[in-house]
Amino acid sequence: MFGFIDCHCHISAGDFDKVISCFIISQAGLLALIAVAEHVGEFDKIIALSQRSPGFIFPCLGVHPVQDVSPEQQRGVVLQDLDAALPIIEKYKDHLVAIGEVGLDFTPRYISSETDKESQRQVLIRQAQIAKELDLPLNVHSRSAGRPTIHLLKEQGVEKALLHAFDGKPSVAMEGVKAGYFFSIPPSIIRSEQQKLVKQLPLENICLETDSPALGPEKQVRNEPKNISISAEYISKIKGVSLEKVIEVTTQNALRLFPKLQSAIRR
């Protein structure tokens, strides 16, 4: 088995609606895409996409720590957002490879009080419990909240987690490494502080992601899963190991973290 696994992408985003069929076919070199959700309105779409491309698109349902009020306004998640999602997660639980995108986001524009932070914590705690009940990993967002997120996951006894696009200090990430967590690297690494993170992370704790349509190699340009090769090439450069080694190890890491992929990936 030789190829990339995109461990975190938003294939259900409206950016891809008009190109999804040819887009899926064109993703050369990819073994699998893990499609994450941000809110309940995406759940059915993600399941439908996974059913259209079995063995290639794998669904991951969860409630993001930031929710849209309107195209111009966002707020922190509250428990009512999760309540609306729970029946659909229950309905599709046997199809899921993970719970996500979940986490904490303490970016100041989304947080006006400690109450807002506590609401996010409670939603994450509940989703961590669901993941443990279903024996699924968590696909985790932690913007401006690296340390609190890792500490909460450890407090909740989470053993299987992917920290996507981690923006915390490398020393904080190493706490996650000790807990057995993985960290996924998007193509934006070529222009981000994650270069310092990759230098310190063991390759055995690194996965690949694109976060498509965001976090591409160029700002304000739609990112696509095929750009995952950029992540791998840059990790190869930073680590001083071959590209083939990066692909092999990150793919095996993904298969360990998301074991449902092992028997289902389209050969």
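How many helices and strands are there in the protein? The structure on display is a predicted model, and the protein has 10 helices and 10 strands. The tour below begins with the whole chain and then moves from residue to residue.

**The whole protein**

Display the complete chain first. The radius of gyration is 17 Å, close to the 18 Å that the globule rule gives for 267 residues, so the protein is as compact as a globular protein of that length. Along the principal axes, the C-alpha atoms fill a box of roughly 45 × 40 × 35 Å.

A surface view may be added next. The accessible surface of the protein comes to about 11,700 Å², and carbon and sulfur atoms account for 50% of it. Of the 267 residues, 55% are buried. Among the contacts with a separation of 6 or more, 70% join residues that are 24 or more positions apart. If the charged residues are coloured, there are 30 positive and 32 negative charges to find, and their mean positions lie 4 Å apart.

**First stop: His8**

Select His8, which belongs to strand β1, residues 4-9. Is this residue buried or exposed? His8 counts as buried because its relative accessibility is 0%.

Show the neighbours of His8 as sticks. Leaving aside residues up to four places away in sequence, His8 touches Ile34, Val36, Glu101, Asn139, His164, Glu209, Thr210, Asp211 and Ser212. One of these neighbours, Glu101, also makes a polar contact with His8, side chain to side chain, at 3.2 Å. Ser184 may be added to the view: it is 176 residues away from His8 along the chain, yet the two C-alpha atoms are separated by 7.9 Å.

**Second stop: Glu101**

From His8, follow the polar contact to Glu101. Glu101 lies in strand β6, residues 98-103. Now inspect the backbone just before this residue. The peptide bond from Gly100 to Glu101 is cis, with omega near 15°. Most peptide bonds, by contrast, are trans.

**Third stop: Asp211 to Pro213**

Return to His8 and select two further neighbours, Asp211 and Ser212. Where is Asp211 found? Asp211 is in the loop between β10 and α8. With a relative accessibility of 8%, Asp211 counts as buried. The phi angle of Asp211 is near 55°, a positive value in a residue other than glycine.

Continue along the backbone to the bond from Ser212 to Pro213, a cis peptide bond with omega near 5°. Pro213 is placed in the loop between β10 (206-208) and α8 (228-239).

**Fourth stop: Asp135**

Which residue in the loop between α4 (114-134) and β7 (138-141) should be selected next? The residue is Asp135. Asp135 has a positive phi of about 55° although it is not a glycine. Most residues other than glycine have a negative phi. Asp135 is exposed, with a relative accessible area of 54%.

**Fifth stop: Asp81**

Move to helix α3, residues 79-92, and select Asp81. This residue is buried, with a relative accessible area of 16%. What does the side chain of Asp81 reach? The side chain extends to the backbone nitrogen of Val78, at 2.9 Å. Display Val63, Gln67 and Arg75 as well, since Asp81 touches these residues when those up to four places away in sequence are not counted.

**Sixth stop: Glu233**

Glu233 is in helix α8. Glu233 is partly exposed, having a relative accessible area of 43%. To place this residue in the wider view, draw a distance from Glu233 to His141: the two are 92 residues apart along the chain, and their C-alpha atoms are separated by 24 Å.

**Last stop: Pro259**

Finish at Pro259, in the loop between α9 (243-257) and α10 (260-264). Pro259 is partly exposed, and its relative accessible area is 43%. How far is Pro259 from Gln73, C-alpha to C-alpha? The distance in space is 37 Å, while the two residues are 186 apart in sequence.

Methods. Residues numbered from 1 in each chain as written. Predicted model: local features only at pLDDT ≥ 70, side-chain atom pairs only at ≥ 80, totals over all residues. Heavy atoms only, no water. Helix = DSSP H or I, 4+ residues; strand = E, 2+ residues; numbered from the N terminus. Buried < 20%, exposed > 50% of the residue type's maximum accessible area, 1.4 Å probe, protein only. Contact = heavy atoms within 4.5 Å. Polar contact = N/O pair within 3.5 Å; in protein donor to acceptor, adjacent residues only side chain to side chain. Rg over C-alpha atoms; globule rule 2.2 N^0.38 Å. Areas by Shrake-Rupley, 256 points an atom, 1.4 Å probe, with all protein chains shown as cover. Lys, Arg positive; Asp, Glu negative; His and termini not counted. Charge placed at Lys NZ, Arg CZ, Asp CG, Glu CD.
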